[in-house]
Every structure is written in C-alpha cells, then in structure tokens.
Amino acid sequence: MHEQRRAADGLSVLAEASAVLASSVDIEASMRVVAQLAVPRLGDWCSIDLLDPDGTLHRIATVHSDPAQLAIANEFNRRFPAATTDPGGVYQVLRTGVVQASAITDDMIIAGVEHPERRDMLLALGLRSYVIAPMAIDGTVVGTLTIVSAESGHFLGDADSARVQEPAQRAAL
C-alpha cells in the first residue's frame, strides 16, 4: 500500500512539474517550482543544480518544509560547496550521467567527514538516504535533481531512482 502511494505521488509530481515546465520560460523559477512539488511527496529535501558554461555548479533550489533545517542546509552549502574532485555526489552524476542512490548513516558521516563543523552540520540535518538523478539533453548532463530522505525515515532505493529520474529528465528538456 505504501509503495502504491509513493508511485501515485511520483506520478502526481511528474504531471504537475510537466505543466509548470511547459508554461514558463523562466528556467530558474520553473526549477524552484519543481523542487517545491517534490517535497514532501518524493522526499524530505529536494535540490536542483545546473551546470554553468564554465563547468561550475549553480544551486538553483533547495527545498525543505522546516525553515530551521533549510537554514542549516543553506549555510552548509555556502561553507562547504561540492567540489569537482568529489568521488561521489552531484559531480559524479554530472561526470557519469548515472543515477546515484545510497543510504546515509550517522556512522558513515562520522567516519567519512574529517572537518568537525562539516560533520556536525551533516549530523544535524538527519540525512538517511538520497537519490541524485542527472538532467540530460541529448546525452549531455546539464544538471542534477537530488531527493533526500531525513526525518520521514523513508529509505530511498532503486524504485525511487526511477521516480526521481523522470522529473529530472523532463526538467532538463
């Protein structure tokens, strides 16, 4: 029953996102609306990043229903932006064009993040799993759509990868 509801939510987001994307010429505003549609139906967080012509990543939107959590995330992204050399995450998806999904545990964060402030901010966000989908046009990845599970406790897995990939692809087009 839960999976049927998640599938229906995914279709609903897809339909609404398609309507928004078809009716607007303002790319950034459209992407922000797509991110807002995804929360909480696809996950607790949504972020959309677009690749600038110079190869840097530009965060278009970060959405969460709790303003306090959103403030932590925005400060984290300001202080610790993703690096092109990161072995995983958005830059890996940009390089490979392959959807990435993973669990996130506190133990993983503690073991893998050396910088104490960065580690503490990640722990405060309560992240549990994520899916990062490429946004591609004619095989060229132009951005990513990231859905993250946190306080809801829902694990984002393989079934969610397809639900995230479709709106990402439509947003790219």
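Which side chain does aspartate 106 meet in a salt bridge? Keep that in mind as you open this predicted model, and let's walk through it.

**Stop one: aspartate 106**

Select aspartate 106 together with arginine 128, and you have the two partners: their side chains meet in a salt bridge, with 3.2 Å from N to O. This pair ties together distant parts of the chain, since aspartate 106 sits in helix H5 while arginine 128 belongs to the loop between H6 and strand E4 (129-137), 22 residues apart. Colour the two by accessibility next. Aspartate 106 is partly exposed at 32% relative accessibility, and arginine 128 is also partly exposed, with a relative accessible area of 32%.

**Stop two: helix H6**

Now select residues 116-125, which make up helix H6, and show the side chains of Met121, Leu122 and Leu125, which are buried. Look down the axis of H6: these residues cover an arc of only 100° around it, which puts them on the same side of the helix. The general rule is a handy one to recall here: an α-helix has 3.6 residues a turn, so residues three or four places apart point the same way.

What do the buried residues of H6 pack against? Add strand E1 (45-51), helix H3 (67-79) and helix H5 (106-112) to your selection, and you will have the answer on screen. Before leaving, step just past the end of H6 to glycine 126, where phi is positive, at about 65°.

**Stop three: from H6 to H3**

Go back into H6 and pick glutamate 117, then add arginine 79 from helix H3. The two form a salt bridge whose closest N and O atoms are 2.8 Å apart. Here too the pair links distant parts of the chain, 38 residues apart. Both ends are partly exposed: arginine 79 has a relative accessible area of 32%, and glutamate 117 comes in at 42%.

Widen the selection to Glu75 and Arg78, and you see that these two, along with Arg79 and Glu117, are linked in a network of salt bridges.

**Stop four: helix H7**

Finish on helix H7 (residues 158-172), and select glutamate 166 and arginine 170, which lie four residues apart, about one turn of the helix. They form a salt bridge, with the closest N and O atoms 3.1 Å apart. Glutamate 166 is partly exposed at 35% relative accessible area, and arginine 170 is partly exposed at 36%.

If you would like to keep hunting, the count of salt bridges in this model comes to eight.

How values were computed. Residues numbered from 1 in each chain as written. Predicted model: local features only at pLDDT ≥ 70, side-chain atom pairs only at ≥ 80, totals over all residues. Heavy atoms only, no water. Buried < 20%, exposed > 50% of the residue type's maximum accessible area, 1.4 Å probe, protein only. Helix = DSSP H or I, 4+ residues; strand = E, 2+ residues; numbered from the N terminus. Arc of directions from axis to C-beta. Contact = heavy atoms within 4.5 Å. Salt bridge = Lys/Arg side-chain N within 4 Å of Asp/Glu carboxyl O.
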